[in-house]
Amino acid sequence: MTATLGALEERARRRHDDFGQDALIVCDSLVRIYQSDGIEVQALQGLDLLIEPGELVAIVGASGSGKSTLLSVLSGLDVPTAGRVRVGAWDLMTMTTRQRVEYRRSMVGFVWQQTARNLVPYLTAAENVAFPLQLAGVKAKERARRAADLLEMFEIGYCADRRPGEMSGGEQQRVAIAVGLVNDPQVLFADEPTGELDTATSHVVLESLRTANRELGTTIVVVTHDAGVSEHVQRTVAIRDGRTSSEVVRRTHTREDGTEHVVAEELAVLDRAGRVQLPKEFREALNLVGRVRLALEESQVSVRSASGAARDREEQS
Ligand code: ADP
Ligand code: MG
């Protein structure tokens with residue numbers, strides 16, 4: 001009996017360890033609880049997320065759904081209450097303070113919503129981009145060359161000698177992307193980088209992230225309110241109440257005549273415990289509350305209102 005239990009536990013543990021083995025970023029049942037004035041806020045409620053190397057992923061969700069909390073955890077600024085989180089070889093739960101500093105310096109880059117938080121106001125665009133390299137001990141000539149290359153890549157070479165106050169919001173955010181990338185991080189995190197920009201400018205900034213992903217191979221995770229974001233990325237993950245609820249995946253499909261078109265499909269996320277979230281519209285349309293009746297049919301699973309199903313049976317008999 002004990003041996004069987006032991007074997008079961010071992011199997012459960014192994015399954016846990018294997019989750020997302022090949023992924024670059026693994027969030028496994030992440031929980032983050034904030035305590036403020038004796039009140040508990042569950043910002044992350046068992047969030048699972050896998051991101052493969054080289055992906056460009058957008059995270060969307062209502063205000064308060066846990067997006068910034070997730071990004072602070074992934075960028076090493078915050079430690080979750082429970083769960084498992086790994087980025088590359090870095091275990092963000094057990095990392096020491098020193099490893100945390102090293103992780104933030106060498107593995108990841110960031111872009112924040114507030115343009116002012118990203119750039120030093122009294123340095124020019126080129127100096128801002130070169131600044132992290134100076135800290136890393138790179139020689140002046142090499143620093144200038146790398147800064148110029150990145151500004152050129154994002155088509156803002158003409159801003160090289162301007163200070164942040166002399167640039168538009170969109171130009172500043174593109175300089176911020178260059179700053180975030182100059183140390184050649186494996187991952188770039190951007191928390192609402194387009195939050196303060198109009199739609200047209202947002203598109204330019206999102207296209208810059210796409211350019212970085214394509215040209216440099218950087219894995220990019222971008223949080224945004226921008227409803228149009230799924231046009232710019234391969235995968236959009238929606239977060240609701242601290243968990244991933246659905247994903248939009250874009251694929252390029254080739255028609256019989258050889259022309260290509262993009263297919264975007266929204267999929268619900270089935271978590272590892274088998275849970276899936278029914279959209280509010282579905283629940284309201286069929287008045288699904290409390291308990292529901294599940295049935296396995298030939299090639300699908302149906303969800304019915306428990307009271308409705310009982311009525312149907314009575315009518316049949
Ligand atoms: P989003 O970025 O999606 O708007 P956040 O991650 O900022 O969401 O917040 C998720 C929830 O956690 C919210 O209810 C928010 O009020 C709460 N929260 C975030 N940061 C803190 C904090 N430092 N202290 C207490 N509650 C917080
Ligand atoms: Mg936020």
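This section describes the strands, two individual residues and the two largest pockets of a predicted model.

An open sheet of four strands, paired in the antiparallel sense, follows the order β2-β1-β4-β5. Its edges are formed by β2 (39–51) and β5 (90–91), each of which pairs on one side only. Between strand β4 (residues 82–87) and β5 the antiparallel pairing extends over two bridges, and within this pairing R86 stands opposite D91 of β5.

Parallel pairing is found around strand β7 (residues 187–191). On one hand, β7 runs parallel to β6 and is joined to it by four bridges, with A190 of β7 serving as the bridge partner of V111. On the other hand, β7 pairs with β8 in the parallel sense over five bridges, and here the bridge partner of A190 is V222 in β8. A190 is thus named in a bridge with V111 as well as in a bridge with V222. Because five of the five residues of β7 are buried, the strand is largely enclosed by the rest of the structure. In a regular strand the side chains alternate between the two faces of the sheet. In β7, V187, F189 and D191 point one way while L188 and A190 point the other way, and all of these residues are buried.

Contacts to this region are also made from helix α8 (residues 199–216), in which L209 is placed. With a relative accessible area of 1%, L209 falls under the 20% limit and is therefore buried. Beyond residues up to four places away in sequence, L209 touches I177, L188, I220 and V222; of these, L188 belongs to the residues of β7 that point the same way as A190, and V222 is the partner of A190 in β8. The C-alpha atom of L209 is separated by 31 Å from that of A82, a residue 127 places away along the chain.

The loop between β8 (219–223) and β9 contains H232. This histidine has a relative accessible area of 7%, which lies under the 20% limit, so H232 is buried. Its side chain makes a polar contact of 2.7 Å with the side chain of E207. When neighbours within four places in sequence are left aside, H232 is in contact with L56, H203, L206, E207 and R210.

The largest pocket encloses about 570 Å³ of space. It is lined by 22 residues, of which R104, F110, P132, V179 and N183 are the closest to its centre. Two or more lining residues are given by each of α3 (97–106), β6 (108–111), α5 (125–135) and α7 (169–181), so that β6, which also pairs with β7, is among the elements that contribute to this lining. By class, the lining of the largest pocket comprises 13 nonpolar, six polar and three charged residues.

The second largest pocket holds about 420 Å³ of space. Of its 16 lining residues, A268, V276, Q277, L278 and P279 are the closest to the centre. At least two lining residues are supplied by each of β9 (235–240), β10 (243–254), β11 (260–268), α9 (280–285) and β13 (301–305), and β11 gives the most, with three residues. The lining of the second largest pocket divides into 10 nonpolar, three polar and three charged residues.

Technical notes
Residues numbered from 1 in each chain as written. Chains lettered and ligands numbered in written order. Predicted model: local features only at pLDDT ≥ 70, side-chain atom pairs only at ≥ 80, totals over all residues. Heavy atoms only, no water. 1 Å grid on protein atoms, 1.4 Å probe; cavity = no way out; pocket = protein on both sides within 12 Å on 5 of 7 lines; lining within 4 Å. Points joined across faces, edges and corners; volume = space filled by probe spheres on them. Nonpolar A, V, L, I, M, F, W, Y, C, P; charged D, E, K, R; others polar. Buried < 20%, exposed > 50% of the residue type's maximum accessible area, 1.4 Å probe, protein only. Polar contact = N/O pair within 3.5 Å; in protein donor to acceptor, adjacent residues only side chain to side chain. Contact = heavy atoms within 4.5 Å. Pairing = 2+ DSSP bridges.
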